Amino acid sequence: ELKSRVSLSCSVSYNQKTLAATALIDSGCERNLLDFKVIQQLKIPTEPLATPLEASSLDGSSLTTITHRTVPVNLFVSGNHHEVLTFYAFPSPQSPVVLGYEWLATHNPQVNWSSGLVTSWSTFCLSHCLSSAPIPVGGSTDYIPEPPDLSGVPPEYHDLQLVFSKDHASSLPPHRPFDCCIDLLPGATLPSSRLYNLSKPEQESMSTYISESLSAGIIRPSTSPLGAGFFFVTKKDGSLRPCIDYRALNQITVKNRYPLPLLSSTFDPVND
C-alpha cells in the first residue's frame with residue numbers, strides 16, 4: 001500500500017528541552033514551519049519578520065499571514081541527522097513540523113516514495129549533518145562526553161585519546177557514502193532460535209545491557225516475530241560477556257568471497 005505522504009521521525013530541541021514529533025516532507029511548501037503549540041511547549045523565543053509572509057493555497061487563496069520566526073533550534077531527523085535551523089511560526093496541529101523545499105534543496109535526500117523512507121543523504125549531509133547516534137541523557141541533547149581514563153595508557157599514546165573513549169565505543173559510527181548490506185540466500189527459510197535459561201544475576205545484566213544499548217542507539221525496539229538467542233559467557237575476571245546466537249542466520253547469509261592481497265605485496269610500496 002502506497003503512502004499518501006512522507007513523514008520522518010524527528011525531535012526538536014531548545015534550551016535542554018526536547019520534543020519528539022513527526023516531520024512532514026512537503027516540497028510544495030517554500031519554508032520550514034513549526035506549529036505554535038510546539039513553540040509554546042518548548043518555550044522557544046520568536047522574532048518578528050521585517051516583511052510578513054503571505055501563505056496561500058494552490059488556488060491562490062490566502063491561508064494566513066506569517067509574522068514571526070523562531071530563534072535557531074536543534075533538529076534531529078531519522079536518529080542522527082542533526083542541524084540547527086530556524087522555523088516560521090505557523091498553525092499546523094496535524095503536522096507540527098513541516099520541512100519544505102528549502103530543506104530539501106539543502107540536504108537533497110534520496111527518498112523511496114513507495115515506502116516513505118529516506119534511503120540516502122547527500123554528500124553535504126555526510127560531512128555536515130550525520131554523526132554518531134546521540135546518547136540521550138536526561139532528555140538533553142547538549143551532552144558532553146566524559147574524557148577517557150588514560151591512567152593505564154602510556155604517555156606516547158595520549159594523543160590518541162579518542163580511541164580509548166568509552167562514549168565513542170558505545171555509539172554507532174556516522175553514516176558513510178556507501179552502506180554495506182547483509183544479503184540472504186534467495187528463498188531461504190528465516191530461522192528461529194531457542195531461548196536460553198538465565199540466572200538472576202544474568203537477567204539483571206541483560207536488563208542493564210538492553211537499557212544502555214537503547215540509550216546509545218545501538219539497538220531499537222522491534223516487533224519482529226523472529227529473534228536470536230541471548231546468553232552470557234563468564235570472562236576470566238568473573239564479569240559477564242553478552243552473546244547473541246546468530247549461527248542459524250549465518251547459515252543463510254551470502255558469503256562474500258574475494259581474494260585478499262598478499263602481505264608482501266602490500267608492504268612492498270612502503271619499503272620503496
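## A tour of two cores and a pocket

Start by selecting Val 12, Leu 34, Ile 44, Leu 75, Phe 87, Val 97 and Leu 99: of the 29 residues in the largest nonpolar core, these touch the most other members. Such a core is a set of buried Ala, Val, Leu, Ile, Met, Phe, Trp, Tyr and Cys residues joined through side-chain atoms within 4.5 Å, where buried means under 20% relative accessible area with a 1.4 Å probe, protein chains only.

A word on what you are viewing: this is a predicted model, in which local features need pLDDT of at least 70 and side-chain atom pairs count only at pLDDT 80 or more, while totals for chains, interfaces and linings use all residues. Residues are numbered from 1 along each chain as its sequence is written, and side-chain values use heavy atoms, with hydrogens and water left out.

Next, colour β1 (7–14), β2 (17–25), α1 (36–42), β6 (73–77), β9 (97–99) and α2 (101–107), each of which supplies at least two residues of the largest core. β2 gives the largest share, four residues. (Helices are DSSP runs of H or I, at least four residues, and strands runs of E, at least two, numbered from the N terminus.)

Now centre on Val 97. Leaving aside residues up to four places away in sequence, Val 97 touches Cys 10, Val 12, Ala 21, Thr 22, Ala 23, Leu 24, Leu 33, Leu 34 and Phe 87; contact means heavy atoms within 4.5 Å. Then pick Cys 29, Leu 33, Ala 55 and Val 98, which are among the eight residues of a second, separate core.

Finally, move to α5 (200–216), β13 (240–245) and α6 (247–251), each supplying at least two residues of the lining of the second largest pocket.

Technical notes:
Buried means under 20% relative accessible area, exposed over 50%, partly exposed in between (1.4 Å probe, protein chains only).
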